[in-house]
Each structure stands twice: as structure tokens, then as C-alpha cells.
Amino acid sequence: LADGVWRIPIAPGDMINSFAVAGSDGEVTVVDAGLSLAPARKRLVAGLAAIGAAPADVRRVVITHAHPDHAGGLAALVEQTGCGVLAHERESVYLRDGRSPRTRRGRSRHFPKVTVTFEFQHGSLLPGGLRAVHTPGHSPGHTALLHEDSGVLFTGDAVMNVRGVRYAPGFLCTDAERNQQSADHLGELDFEVAAFAHGPELRRDAKAAVRALA
């Protein structure tokens with residue numbers, strides 16, 4: 001996506017994506033760990049290998065939110081690499097409990113519990129050069145991440161690029177209206193590439209496409 005930043009598809013096509021950010025010291029930060037299914041875990045490791053990194057190079061995983069397609073494979077990755085887990089302070093309780101926040105459907109899904117080693121807040125600058133942008137609505141602690149050096153914005157699920165750039169479906173959100181408000185604020189950030197957890201990235205006119213939602 002940019003110098004030192006990669007998208008790693010962990011499901012066929014680009015329907016579910018994790019990301020890797022490599023520092024000049026060789027340390028790798030993973031954004032979202034994907035599903036707990038064995039094929040997804042293998043795809044993540046294969047993606048790391050493709051960029052010249054081994055699981056031992058992963059120092060931390062930053063989780064945008066506690067849904068199974070983002071945090072389901074987290075416990076296995078921590079066990080394999082010994083990496084730390086970073087999450088927004090409003091989202092960390094779900095990771096510790098191994099459950100997702102309830103959506104408008106009233107459903108909560110489960111995944112293996114993990115220990116959160118660092119809780120951050122809106123505006124925190126995280127290791128790996130990621131700026132936390134709290135975007136509640138899809139979940140209470142949902143956080144987009146801006147890699148300021150490269151201009152890559154990781155939108156999490158606040159915005160998707162599935163059949164076009166769009167908000168996350170309301171029934172998958174804790175608060176759909178608040179998710180839209182949060183997503184609209186992303187258009188005010190300074191970025192060049194929009195990297196979506198669901199769908200391919202946008203390299204051209206990315207900011208305009210996100211702003212057009214508002």
C-alpha cells in the first residue's frame with residue numbers, strides 16, 4: 001500500500017483483510033488478526049513471509065474492534081509470536097471476555113479470550129507510527145488507524161469497500177447512526193490511501209471517496 005505497509009488478505013479475494021506495518025528496525029505491527037479458522041491463520045503467516053517477515057518479527061497487534069473476523073485469530077497469533085495486544089480502552093473488555101459487543105440484532109459472538117497489554121485512547125500515537133482515531137458506532141471502542149508517515153488510513157469497519165465505498169451495514173453495528181457520524185469524520189483526516197478491512201484499498205481519490213459518504 002505504501003513503503004513498509006502491506007495488505008494481507010486472509011479470506012478469498014479481498015473480503016477480509018489484515019495489514020502489516022514494518023518499522024526500520026524490522027519490527028512488525030499487525031493490524032487485526034482475522035478469523036480463528038486455520039486457513040485464515042495460514043494466510044496471515046504466508047502474507048508475513050511474502051514481505052520477508054517471520055512470526056517472530058511481530059511485536060504487537062493493534063485491534064480495530066472485537067468482532068470475530070478481526071480478533072478471532074488473535075489468541076493463536078499471540079501464542080505463536082508472543083506479541084503484545086493493543087486496543088481502545090472501550091473495546092478491551094470484549095477482547096478479555098472473548099465476546100463481541102452486541103449489534104442491533106442483539107447478537108454477541110464469541111472467540112478465544114486474550115490479554116490486552118496496552119489500552120489506548122483517541123489520539124494516541126501507537127508503536128509502529130499509528131495514530132488512533134476513535135470511531136464508535138460499529139462497536140463502542142471501534143478505532144480507525146492513521147499511519148501518518150505513509151498516509152495510509154486503516155478504516156476498520158467504519159467504512160467498507162464492498163460494491164463501492166459505504167458505511168458498515170446498520171444491523172452489524174452497535175449504533176448505526178453513530179457509526180455514520182464517526183465515518184464522516186474520517187474524511188477530515190489527511191490521508192492518501194484508504195485501506196479497508198473488507199474490500200480492496202483505494203489509492204486514487206481515496207479521501208474524496210470517503211468524504212462523499214457524508
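This is a short tour of one protein chain, from its overall build down to a few single residues. Keep in mind that the model is predicted.

**The whole chain**

Start with the fold: the secondary structure adds up to six helices and 13 strands. The radius of gyration is 15 Å, close to the 17 Å that the globule rule gives for 214 residues, so the chain is as compact as a globular protein of that length. If you boxed up the C-alpha atoms along the principal axes, you'd need roughly 40 × 35 × 35 Å.

How much of the chain is tucked away? Of its 214 residues, 52% count as buried. The accessible surface comes to about 9,400 Å², and carbon and sulfur atoms own 47% of that. As for how the chain meets itself, take the contacts between residues at least 6 apart in sequence: 59% of them join residues at least 24 apart.

On charge, there are 23 positive and 23 negative side chains. The centres of those two sets sit 8 Å apart.

**Cysteines**

A disulfide is a covalent bond between the sulfur atoms of two cysteines. How many does a search of the whole structure find here? The search comes back with zero disulfides. Two cysteines are worth a look anyway. Cys-83 has a relative accessible area of 5%, which is under the 20% cut-off, so it counts as buried. Cys-173 is buried too, at 0% relative accessibility.

**Two valines**

Now for a pair of valines. Val-93 lies in helix α4, which covers residues 92-97. Val-116 belongs to the loop between α4 and β6, the latter being residues 118-120.

Is each one buried or exposed? Val-93 is partly exposed, because its relative accessible area of 36% falls between the 20% and 50% cut-offs. Val-116, on the other hand, is buried, with a relative accessible area of 8%.

Val-116 also has company from elsewhere in the sequence: leaving out residues up to four places away, it touches Val-85, Ala-87, Ser-92, Leu-95 and Arg-96. Ser-92 and Leu-95 fall within the 92-97 span of helix α4.

**Distances from the two valines**

Here are two C-alpha to C-alpha separations to try in your viewer.

| Pair | Apart in sequence | Apart in space |
|---|---|---|
| Val-93 and Arg-211 | 118 residues | 31 Å |
| Val-116 and Pro-55 | 61 residues | 19 Å |

Methods: Residues are numbered from 1 along each chain as its sequence is written. This is a predicted model: local features need pLDDT of at least 70, side-chain atom pairs count only at pLDDT 80 or more; totals for chains, interfaces and linings use all residues. Side-chain values use heavy atoms; hydrogens and water are left out. Helices (H or I, at least four residues) and strands (E, at least two) are DSSP runs, numbered from the N terminus. Buried means under 20% relative accessible area, exposed over 50%, partly exposed in between (1.4 Å probe, protein chains only). The radius of gyration is taken over C-alpha atoms; the globule rule is 2.2 Å times the number of residues to the power 0.38. Contact means heavy atoms within 4.5 Å. Accessible areas come from the Shrake-Rupley method with a 1.4 Å probe; for residues, only the protein chains shown count as cover. Lys and Arg count as positive and Asp and Glu as negative; His and the chain ends are not counted. The place of a charge is taken as NZ of Lys, CZ of Arg, CG of Asp or CD of Glu. A disulfide is a pair of cysteine sulfur atoms within 2.5 Å.
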